[in-house]
Amino acid sequence: MRGELLIQGSKNAALPILAATLLGEGVFILHHCPRISDVEHMLELLEDAGCLVSREGHMLIVDTRGAGNFRVSGEGAGKMRSTVTLLGSLLGRFHQVEIPYPGGCTIGKRPIDLHLEGLSRLGAVFGERESTLYGRADCLRGASVCLTFPSVGATENLLLAAVLAKGETVIRGAAREPEITALADFLRAMGARIRGDGTSCICVEGVCRLHAAEYIIPSDRIVAGTYLFGTVMTGGETRLLHVPLSHLGTLPELLERMGAQVRAREDWIHVRMEGRCRAVPHVMTAPFPGFPTDLQSALMAALATADGISFLEEKMFEARFQIVSELQKMGASIASQEDFALIEGRSRLSGCTVEAKELRGGAALIMAALAAEGESRIRGMEYVRRGYEDINGDLKRLGIVLY
Ligand code: EPZ
C-alpha cells in the first residue's frame, strides 16, 4: 500500500448522532457522513419515526419537525445493534419507546442490562413482550448513575436521555471512546449542557428544549487503523488524513513496536514499513484508550505475517476470533482457545477463497489477502459494506486494485 487517503466519516459516531437528532425539532445538516449500510438502516428508522431525510453526497439533511412515532419496527430495526441507541432519544423526545428487543450478533450476546438499569435510574420503566422492548418515562429526572462496565452504548443512551431530563445527571464509569465526545459535541451544538465527556465521569444539566444543528462527523478511527495494519503487512507507506491523533489511543506505539516508522501530527498519521513486521509478545483488547476490539482482527492478520510469536487476548466480546479458521486456510499458524490466541508469524500467506462472517473480520481478511501470494477471493462483502464505505476505492487510492 502506498499513497495518501482521506478517511471516511465514522460509523460509530454517525449512528448515535443520527439518533440524537430526534431530541431536537428542526432541520439538521450532517457533513462527512459515511455511505454505509448501517447508516442507511438508521435513516430508514428515522423516516419510520416521521422524519424527512435526504442525502447530497456525504451531506445528510434530517428534518425532525414531523417526528411523532415512538414505535420502531420494520425490517431495518431488527437488522442492527445500533437500534438500541434509539432508546434514549425516543424516551427523551416522546417519553415512550418500542423497539424490537435487540438480540445478539455474530460477535457476542450483546446484553443491554447496563442500558436498562441506567435509564431506569432516570425514571424509565421497561417491559418485554413477544420480543419487543417497551419503555416509558412520564418524567425523566436527572440522577447519579454508576456503570459497572464502561459500555459505549449505555453511555450514549444515558447522555441521550439525560439532556432533556429535569435536573443534573452524573454518569460514573462512563466510556471514554472518541465517539462519546463526538456525541457530546453534537448535543452541545443542539444546546445541551454536558461536561466531562472523554473522562469516566460525565455531568449533564438537563435543559427544556434542544434545537437543530449542523455538524461534521469525525473520521473513522477503525477504518484508519485497518489500513495502517494493511500498510504494515504489505511493507508499504501511507499517510492518512483527517484522523485526529487523539482518536488512535495506543495504536501508534503498537505500530512502532511492530517495526513501523510512525510520524503523526494533530490530524494525520504517516506510517512506513520496511521488510517484515515484528511480532508483539502480548496485546489485550480494552476500553478506550486501550487497544480497540474493533481492530483485533486486523492486528491478528498482521501478526500472522510477523517475524515471531504473538499472544492476543480478546476481552470485550466472546466471539471475535471468527477469522482464525479463514486465516488458517491461508497458511497462518494460529492456535486459539476461549479469549486468547497464540500466533506464530509466517513469512508468506497463500491466497485462497475465504469467508467474511462479520464486519471487522471481513476487512481484516482483505488486508491478509493483500499480503498473501496469489489470488484470494473474499466472500461476504455485504458484512464489510456495513462499515467501510468504499474499500475498493480506498485501496485503489493506495495503489491496489481489487476486482
Ligand atoms: C460499540 O458497541 C461499537 N458499536 C462496537 O463496534 C465496539 O466494538 C464496542 O462499542 C466497544 O468499543 C457502535 O458504536 C455502534 P459496549 P456497544 O456496550 O456499545 C458488554 C463495530 O464493529 N455489555 O461497549 O454494543 C458487552 O457484552 C462494532 O463497529 C454488557 O454486558 O459496546 C461487551 O462485552 C462492533 N451489558 C462489552 O460490554 C450492556 O448493557 C462492550 O460493549 C452493554 C454492554
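1. The shell around the ligand is mixed: nine nonpolar, five polar and seven charged residues. The model is predicted. Of the 21 residues around the ligand, the nearest are Asp 113, Leu 114, Ser 151, Asp 294 and Met 316.

2. Several helices build this shell. α1 (11-20), α5 (113-121), α6 (152-162) and α12 (359-371) each give at least two residues. The top contributor is α5, with three.

3. Three side chains place polar atoms by ligand oxygens. For Asp 294, an N or O atom is 2.6 Å from a ligand oxygen. For Arg 110, the separation is 3.0 Å. For Arg 320, it is 3.3 Å. The protein buries 87% of the 830 Å² that the ligand exposes when taken alone.

4. Turn now to the rings. The whole structure holds four aromatic pairs. Phe 186 and Tyr 215 meet edge-to-face, 5.5 Å between centres and 65° between planes. Phe 186 belongs to helix α7 and Tyr 215 to strand β12, so this pair links parts of the chain 29 residues apart. Phe 186 is buried at 0% relative accessible area, and Tyr 215 is buried at 15%. Both join Phe 28 in one aromatic cluster.

5. Phe 229 and Phe 291 also pair edge-to-face, because their planes stand at 70°, with centres 6.2 Å apart. Phe 229 sits in helix α8 and Phe 291 in the loop between β16 and α10, so the pair ties together parts 62 residues apart in sequence. Phe 229 is buried, at 0%. Phe 291 is buried too, at 4%.

6. Two arginines lie over rings. The charged end of Arg 129 is 4.7 Å from the ring centre of Tyr 134. Arg 239 covers the face of Trp 268, 3.9 Å from the ring centre.

Conventions
Residues numbered from 1 in each chain as written. Predicted model: local features only at pLDDT ≥ 70, side-chain atom pairs only at ≥ 80, totals over all residues. Heavy atoms only, no water. Near = heavy atom within 4 Å. Polar contact = N/O pair within 3.5 Å; in protein donor to acceptor, adjacent residues only side chain to side chain. Areas by Shrake-Rupley, 256 points an atom, 1.4 Å probe, with all protein chains shown as cover. Helix = DSSP H or I, 4+ residues; strand = E, 2+ residues; numbered from the N terminus. Nonpolar A, V, L, I, M, F, W, Y, C, P; charged D, E, K, R; others polar. Phe/Tyr/Trp six-rings, centres within 6.5 Å; stacked < 30°, edge-to-face > 60°. Buried < 20%, exposed > 50% of the residue type's maximum accessible area, 1.4 Å probe, protein only. Lys NZ or Arg CZ within 6 Å of the ring centre and 35° of its normal.
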